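Okay, thanks everyone for coming. I'll walk you through one structure today, and you can follow along on the screen.

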Amino acid sequence: ADAIVASVDYRLAPEAKFPTATEDAADALSWLSSNAEWVGHDGRIALMGDSAGGNLAAVAAKQASRGAARSMGKKGRGGGSPASSSQPSVELGTGSTLRAQVLLSPVIH
């Protein structure tokens, strides 16, 4: 699949106090969605993370979903807007769409 991978470096505790890391993740998603054409992607975005990064990906996805629901409500419509009935997504208001959020967890045998 044609995909662009962006690895986000977020500020770490204890030097950076909460909610700095979550703000960094949300800012990275916002930047990527606003600069889709410049980066060279079609605006379909999936978030993924491992361990603390998985939590940050989940928080960024939830914040994006809430932001989309608020902006959709202001326009007199319901919550998030699916791109099609079979593939739910969140319109980010920038022409980009959050299509997936993935949490990676190691399996130890």
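Let's begin with R11, which counts as partly exposed, at 47% relative accessibility. One caveat before I go on: this is a predicted model. So what does the side chain of R11 meet in a salt bridge? That would be D24, at 2.6 Å from N to O. General point for the bench: side chains of opposite charge can pair when their charged atoms come close. This pair links distant parts of the chain, with R11 in the segment before helix 1 and D24 in helix 1, 13 residues apart. And is D24 buried or exposed? It's buried, because its relative accessible area is 12%, and the cut-off for buried is under 20%.

How many salt bridges does a search of the whole structure find? It finds 2. Besides R11 with D24, there's D42 with R44, where the side chains meet at 2.6 Å, N to O. Here both residues, D42 and R44, are exposed.

While we're at helix 1, have a look at T20. Helix 1 covers residues 20–34, and T20 sits in it. T20 is buried, at 14% relative accessible area. Its side chain reaches the backbone oxygen of K17 at 2.5 Å.

Okay, on to the sheet. It's an open one, with 3 strands in the order 1-3-2 and mixed pairing. Which strands are at the edges? Strand 1, residues 44–50, and strand 2, residues 90–91, as each of them pairs on one side only. A reminder here: strands of a sheet pair through backbone hydrogen bonds, either parallel or antiparallel. Strand 1 and strand 3 run parallel, joined by 7 bridges, and you can find A46 standing opposite A100 in strand 3. Strand 2 goes the other way with strand 3: that pairing is antiparallel, over 2 bridges. There, V90 stands opposite L98 in strand 3.

Now, strand 1 has two faces. In a regular strand the side chains alternate between the two faces of the sheet. The covered face of strand 1 has I45, L47 and G49, while R44, A46, M48 and D50 make up the uncovered one.

That brings us to the inside. The largest nonpolar core has 14 residues, and L29, I45, L47, A60, A64, L92 and L98 have the most contacts inside it. You'll recognise I45 and L47 from the covered face of strand 1. Which elements give two or more residues to this core? Helix 1, strand 1 and helix 3, the last of these being residues 52–74. Helix 3 brings the largest share, 5 residues.

Helix 3 also holds N55, which is partly exposed at 48% relative accessible area. If you trace N55 to L103, they are 48 residues apart in sequence, but 7.6 Å apart in space, C-alpha to C-alpha.

Last stop, the surface. M48, V102 and L104 form a nonpolar patch there, with about 270 Å² of accessible area together. M48 we've already met, on the uncovered face of strand 1. V102 belongs to strand 3, which covers residues 97–104, and V102 is partly exposed, at 34%.

That's my tour. Happy to scroll back to any part of it.

Notes:
Residues are numbered from 1 along each chain as its sequence is written. This is a predicted model: local features need pLDDT of at least 70, side-chain atom pairs count only at pLDDT 80 or more; totals for chains, interfaces and linings use all residues. Side-chain values use heavy atoms; hydrogens and water are left out. Patches are made of residues with over 30% relative accessible area and no salt bridge: like charges are joined within 9 Å, nonpolar side chains (Val, Leu, Ile, Met, Phe, Trp, Tyr) within 5 Å. Accessible areas come from the Shrake-Rupley method with a 1.4 Å probe; for residues, only the protein chains shown count as cover. A salt bridge is a side-chain nitrogen of Lys or Arg within 4 Å of a carboxyl oxygen of Asp or Glu. Helices (H or I, at least four residues) and strands (E, at least two) are DSSP runs, numbered from the N terminus. Buried means under 20% relative accessible area, exposed over 50%, partly exposed in between (1.4 Å probe, protein chains only). A polar contact is a pair of N or O atoms within 3.5 Å; within protein, one must be able to donate a hydrogen and the other to accept it, and residues adjacent in sequence count only if both atoms are side-chain atoms. Two strands pair if DSSP finds at least two bridges between them. A nonpolar core is a set of buried Ala, Val, Leu, Ile, Met, Phe, Trp, Tyr and Cys residues joined through side-chain atoms within 4.5 Å.
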